[in-house]
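Here is a set of short exercises to work through with the model open beside you. Try each task before reading the solution below it.

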Amino acid sequence: MARRDVEQHAPDPMRVGSSTADITRFWDLALGLMGTISFDGYLTQVNKAYCEVLGWSVEDLTSVPYWEFVHPGDRDAIVESSQLLLDGTVGSLVGYDMRMLRRDGSYRWTRWTTRADPEDELLYGIGTDVDDLCTAVDERVVTGTWTCDARADEFRCSDEMLVMLGFTDRSTTYEMWLSRVAADDRPRVDRALRACLARTGPYEDDFRIRRADGDLGWVHAAGRTAPDRGRSAPLHGIFMDVTAAPRPARALRGA
């Protein structure tokens, strides 16, 4: 018998005595952050620990590229390292640290091991919360979530944006929200959001918004439509107040 045939029929020791229920239970109970990332940069699966440590929902985590949750100071190095996996230069990355954004706007140190599967075009990552072992990250940003459907004139946002804008209702109209975008940025923001909804693709932008106190502040927003819901899906994503960020970090468009 050819060696190839032996390999095809040999039992996989990693699967002996296991079942789908066992694997699901392990996934649910694992203390480490586990997730898979598509080659286009989006998380496709996360376990409970991933959500619990960072505080984001599955919908939030899968609505934007993974680097949106990486501290700006770590982002370039992480993306460059990930590219080594994507192009096959290395098969895995072991023990690299990065600061990750939590739902409350704080950052936590995490340590990761990642492996690429070129056939399925996925990255498999396992992370550990090592914040207690690293220098504390004394930094916090205002961040939250938003859902937008310009076609239906609907806009919903979390409390953080409500406070920023001085709104009292999480569910408002798209036109009302758009009126708070700086006049010079408004046409571009409107076109970009409507175009994204029409093509059911990703969205990412930086723009100025009128705060409740009348001052202008910078907001970074990112999101996408649910890939399995087609043209009926609204945009869902996250936003960050980047007013205090250095000018280059904001990647200001047209400024």
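**Exercise 1. Find the bridge partner of M100 in β4, and describe the strand pair around it.**

Solution. This is a predicted model, so read each step as a statement about the prediction.
- Start at M100: its bridge partner in β4 is R108.
- Widen the view to the two strands. β3 covers residues 92–101 and β4 covers residues 107–117, and nine bridges pair them in the antiparallel sense.
- Now follow the chain between them. β3 and β4 form a hairpin with five residues between the strands. In the turn, G105 has a positive phi of about 90°.

**Exercise 2. Continue from β4 to β5: how many bridges pair them, and which residue in the turn has a positive phi?**

Solution.
- β4 pairs with β5 (residues 122–129) over eight bridges, again in an antiparallel arrangement.
- Two partners in β5 help you to set the register: R115 is bridged to Y124, and D117 to L122.
- These strands also make a hairpin, with four residues between them. Here the turn residue with a positive phi, about 55°, is E121.

**Exercise 3. Place these hairpins in their sheet: what is the strand order, and which strands stand at the edges?**

Solution.
- The sheet is open, has five strands, and reads β2-β1-β5-β4-β3 with antiparallel pairing.
- β2 and β3 are the edge strands, each pairing on one side only.
- On average, neighbouring strands are turned by 30° against each other, direction ignored.
- Finally, look for the helix on this sheet. α5 packs there and touches β3, β4 and β5. The direction of α5 makes about 150° with that of β3.

**Exercise 4. Work out the other sheet: in what order do its six strands run, and why do β8 and β9 have a side without a neighbour?**

Solution.
- Six strands make an open sheet, ordered β8-β7-β6-β11-β10-β9, and they pair in the antiparallel sense.
- β8 (171–172) and β9 (202–210) lie at the edges with a single partner strand each, so one side of each has no neighbour in the sheet.
- Move inward to β6 (residues 143–149) and β11 (residues 235–241): six bridges join these antiparallel strands. One place to check is G144, whose bridge partner in β11 is F239.
- Add the helix: α8 (residues 186–199) packs on the sheet and is in touch with β6, β9, β10 (216–225) and β11. Its direction makes about 155° with that of β9.

**Exercise 5. Trace the largest nonpolar core: how many residues does it have, and which element gives the most to it?**

Solution.
- As background, nonpolar side chains tend to be buried together in soluble globular proteins.
- The largest nonpolar core holds 34 residues. Among those with the most contacts inside it are Y50, L54, W56, M100 and W112.
- Elements that give two or more residues include β1 (33–38), β2 (43–46), α3 (48–54) and α5 (72–86), as well as β10 and β11. β3 gives the most, with five residues.
- Take W56 as a test case. Leaving aside its neighbours within four places in sequence, its contacts include C51, L61, F69, L101, G144 and I238.
- A second core, separate from this one, has 25 residues, including W146, L162, F207 and I209.

**Exercise 6. Check the cysteines: how many disulfides are found, and why is C196 not bonded to C148?**

Solution.
- A search of the whole structure finds zero disulfides.
- For C196, the closest cysteine sulfur is in C148, 9.1 Å away, which is too far for a bond. The cut-off for this step is 2.5 Å between the sulfur atoms.
- C196 is buried, with a relative accessible area of 0%. C51 is buried as well, at 16%.

**Exercise 7. Sum up the protein chain: how many helices and strands are there, and what percentage of residues count as buried?**

Solution.
- The protein chain has nine helices and eleven strands.
- Of its 255 residues, 44% count as buried.
- The chain exposes about 14,100 Å², and 52% of that is supplied by carbon and sulfur atoms.

Technical notes
Residues are numbered from 1 along each chain as its sequence is written. This is a predicted model: local features need pLDDT of at least 70, side-chain atom pairs count only at pLDDT 80 or more; totals for chains, interfaces and linings use all residues. Side-chain values use heavy atoms; hydrogens and water are left out. Two strands pair if DSSP finds at least two bridges between them. Contact means heavy atoms within 4.5 Å. Axes are lines fitted to C-alpha atoms, for helices over the stretch in contact, and angles run from 0 to 180 degrees between N-to-C directions. Buried means under 20% relative accessible area, exposed over 50%, partly exposed in between (1.4 Å probe, protein chains only). Accessible areas come from the Shrake-Rupley method with a 1.4 Å probe; for residues, only the protein chains shown count as cover. A nonpolar core is a set of buried Ala, Val, Leu, Ile, Met, Phe, Trp, Tyr and Cys residues joined through side-chain atoms within 4.5 Å.
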